[in-house]
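Reader: Please show me the model. Then take me through it in short steps.

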Amino acid sequence: MAADAARAAPRQQGDLGPEAAARLSAWLRDYRTLPGVPDELFDVMRRPRADWLNLLAGFAEYPETESRSRFAAATRHIRDTGVSYRVYGEETERSWPLNPLPLILGHREWAQIAAGVEQRATLIEAILQDIYGPAKLIESGALPAAAVTGSIDFIRAMRGVAPPGGRHMPLYAVDLGRGPDGRWWVLDDRTQAPSGAGYALENRLVLSRAYPALYNSMNVQRLAPFFDGMRKGLVASADRSDPRVCLLTPGPFSETYFEQAHLARYLGFLLVQGADLVARDGRVYVRTIAGLKRADVILRRVDADYLDPLELNGSSHLGTPGILEAIRTGGVAMVNMPGTGVIESRALLGFLPKLCRQILGESLKLPNVATWWCGQPAEHERVDREFDNLVIGPAFNTYAGSGEKSRPRLIADLSSAERATLRARLNDRPGDYVGQEVVRLSTMPVLRGDRLEAAPFVLRVYAAWTPEGFRIMPGGFCRTSEIKDVRAISMDASARTADVWVLDDKPTESTTLLASKDDVKVRRILGHLPSRAADNLFWLGRYIERAEATLRLARSLCTSLMVSDSAIHSSGETLEGLQQLLIEWGALDKDAPAGSSLEAARCTVRDQDAHGSVIYLVRAARRTAASMRERLSADFWALLLNLETELTDAHRAPQSEAEALEQVESALQILAALSGLSQENMNRVAGWRFLDMGRRLERGINACRMARTFAHDDATTDDLDLLLDLIDSQISYRARYLVGIAMIPVRDMVVLDCFNTRSLAFQVETIKHHLKALPTLQDDGMIEEPLRLLLPLSTDIETTEASYLTIEKIRLFEKTLMYLSGAIADRYFLQGATAVPTIKLASMG
Amino acid sequence: MIYTIGHKTTYSYEKPVGFARCVLRLTPASTPTQRLLDSSTAVSPAPAGLVIGRGAFGEETRTLVIDQSHDRLVIEARSRVDVDTRTIDPAGSAPWEDVRIAALESRLLTEAGPAAYLYPTRRTPTAAMITDYARISFQPRRPIVDAARDLMTRMHAEFTYDPEATNVATPAIEAFEARHGVCQDFAHIMIAGLRGLGLSAAYVSGYLRTNPPPGRPRLAGADATHAWVSVWCGANGWIGFDPTNAVLALGDHIILAIGRDYSDVAPIDGIILAPGGQHIKVEVDVVPETELVAAALLLSDA
């Protein structure tokens, strides 16, 4: 960091060392802008702008390799903390597509953008108030009713409903591009559930970590105050103090799930899915392990149509039946209100300039792309006349599956047959289409390798309603295109992102989300654990424990092969028992030809298709963890990822017993670190208890199984010896019993010994302790089902003498544990083993 | 004409249901051509909560929650409705192209305006095949009522009524291709065709007065719920077209609810926590009051 600190002083081009100066001048020399397209770096005379020059000079001072490694390290950190995993379950996860160079916006320029965005947000709120209120704009003819009703996000059921806090749209985002005239243009409004603010936070985190001195020297405006204001605004919309704020997500399959999880964690909100909520008596509740708890404010990332299967899209599984009724009666504050998405219709764009003058008495500060809604005869005619030079797009968001017309198309790109079809459709249903001018974007510099190149970009800016009025995030989410085509229409999936630095004219005060003294009420437990989280944690625990047990079995397979250690369980029967257990667990295929033990060990650990292999279990654990990223520490996540990499790395496929053993050992070490982390770094609240109960339950079941397999009535010394290995109790046993290995003491140690942390008895005692500490739903002092099952088991274990411990009894213990798992699911989780499915009532036409 | 209507729905469950949340749309609408005289709804088992409200399309809704275990749910609605009898001159209506423009220019955002029923929905997606079928009836400048009546008549002639062929979830395009279905399918197909041409058409659920065969008494529960299409005809307002029977709704049709498609007007919509299957039985009686009077006279004679 010392080298970095030396660069902290503001610099001039002239102050650069010779190497840096050479890099900078090479960048500028080779930078090619596109003809007729404005550029952020160069003005029309090809002179670099001062702020950009300052930034590039700062970058040039990091030697290329250092710069790259700094950026890579910061990016990796973000990747390791998991926030960048964009597509759930995708096999090859994408790397974080972030540009090392931010977009720079000067103080004055930003003031104009911010004023324009605020004006637009104010205008849109007024239009929403009218559409969902008196509809005067429609009655007066300023806005045709049909320009509103075509959108799937026009929620008729919300007409006449007063939004909590008086606002329909507390959160707003807008996509901007710089047009050929150098002005900023509005490309799209995001009024339903704007995404990307979480990515903006992450991008900022990467860049400020990679280049701290440069970042600090440039007076970059901070993002934290914006999020603080946003949170205060959300809290203020509740009707009681200290409200429970939930972020409603479509779930881990959503494209931006990790952004949502990140945002929830950053803002301290509860991340919930539709099934976690219950609407009852005009209010909304979260299902938690302590019963139903009120949800006061819901920040939604689910599209309106999917919110309520009872009133809206009946096939939605993302919503909560009855939630619309709760919104109508004011029992919950939803942000944004259902129905705000209606503004995203392109049909409305053409009306905004006039509406702005009519409603606010001023012109739009940020013009939007010229747009003609074909539902109006004159506009239809005009579009028909200029057809070949326009972009024709759908006027509205319609329901999913409405197919081919959903994407705006540049007519010039279409075949003549496609044109004829489109024209015929346009004539049949003109109201479905808009004609738009082709938008051209400007370019900004991006680094590719060590070359500076011009890339077209779009900037998303965010506004949030706070108790002090609209606040605009000083920064944003910038996407740059990999294709050198400045028509906005070609901004596609190949986009990368860039941080956005808004510069201040005075040094920036550093603020974070530290609350002032009087805001903070000391609390030790963060609300009640949602049932879904309890479920996930419990299974995470079970997966991790099963992976560990399977690794131990694989380790024994490996050691049985080592010639040097031939004394230890080399007998055929023991090996057979080992393989049989692995087959029962689904780690080995029973129909596969009996290969070598090395092959068996390799499959046990790395076979991706076997549902009991270590890699399969680790992936299951990772997926479960991924769906509750906001609850796990970055270290926990990083270890889990390491483990997966360790096991899948193709270069590391073991070629010999020794290599296989080494890999198993190192995987076991990572698992030990994971256990240590959850024991030492997790707060002793309900979440930790479920994770630990999952582990204990699995470990208890495994202890029984192993005892039945290797300590059965005809077990050999080899069998018993292996069993002690598997439960990690060789040393304790030898210290305790000098006589050598014998059946009764081994069974006692594996099953009944409450001092042995690997025994069944120890697991049962620990689970009992957890269950007693968890909240109860009974107010009559009666015990709940899980304890009702566990207490007799615990007593039975405690009072059984080792010499009377039969295999039958061990089998009984194991069965009770399985029932216990079901009872825990029934009591605490959303979908217990006996859960009753929710179905639609049958209907008749 | 005044009608007395009984509409009884019985759900029988294979295994007891512990929770149900339903929305009922069983109160006939009040429209410019019909007046609701009175109505009542009885639900068994008794709901834990019942809220009377207005649905998105102006219909009266009763939202109820049942949280006691039950193996039968019975919902019985009774109402009296006065329906006007009217006549229409199909040739006197405006050319359909003018009506299309007028609908796009409408200044009414409420459920009474044409703008609410202009766009495709999940159950009535526009499909080139259906639009082209409808287009045959819509020659340039043809008066809209005349053209829509022609489409209705063609459908009645070319489609087969077959209750076994489709169910409540059959998509319009499937029923169209097979040229068969029930009133719900025919209404959806006709709506898709009209909307495909840019016209405003609504789905109407309700009842149709049926006449027992001559000399035979009316059988209790023999009637059924019905569905037809309401087309916005510009200055002529909303006019009902019944493609199942090739008649205009001019006095024999009693409107329950109006929406964009079946989903907006389903008489009973709901979710249940059901461990087993369910069976539904619907019984409907539509009795003109004149017959009631006649029956009373007969009784007094006897």
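Author: First, a definition: domain bounds come from an automatic or database domain assignment. This is a predicted model, in which local features need pLDDT of at least 70, side-chain atom pairs count only at pLDDT 80 or more, and totals for chains, interfaces and linings use all residues. Residues are numbered from 1 along each chain as its sequence is written, while chains are lettered from A and ligands numbered from 1 in the order in which they are written.

Reader: How far apart do the C-alpha centres of domain 1 and domain 2 of chain B lie?

Author: Chain B is divided into domain 1 (2-83 + 266-285) and domain 2 (90-265). Take the C-alpha centre of each domain of chain B: the two lie apart by 25 Å.

Reader: Which strand gives the most to the side of domain 1 of chain B that touches domain 2 of chain B?

Author: Two residues are in contact if their C-beta atoms, placed from the backbone, lie within 7 Å. Here the contact takes 19 residues from domain 1 of chain B and 20 residues from domain 2 of chain B. Helices (H or I, at least four residues) and strands (E, at least two) are DSSP runs, numbered from the N terminus. On the domain 1 side, the top giver, with four residues, is strand 15 of chain B.

Reader: Which strands stand at the edges of the open sheet in chain B?

Author: Two strands pair if DSSP finds at least two bridges between them. The open sheet of five strands in chain B has antiparallel pairing and the order 12-11-10-9-13. Each edge strand has a single partner strand, so one side is left without a neighbour in the sheet; these are strand 12 (247-249) and strand 13 (253-259) of chain B.

Reader: What is the bridge partner of B:Val229?

Author: Strand 10 and strand 11 (residues 238-242) of chain B run antiparallel, joined by four bridges. In strand 11 of chain B, B:Val229 has as its partner B:Phe241.

Reader: Which strand of chain B gives the most to the side that touches chain A?

Author: The contact between the chains takes 49 residues from chain B and 37 residues from chain A. On the chain B side, six residues come from the top giver, strand 14 of chain B.

Reader: Which residue of chain B does A:Thr838 stand opposite?

Author: Strand 21 (residues 838-840) of chain A and strand 14 of chain B run antiparallel, joined by three bridges. Opposite A:Thr838, in strand 14 of chain B, stands B:Leu273.
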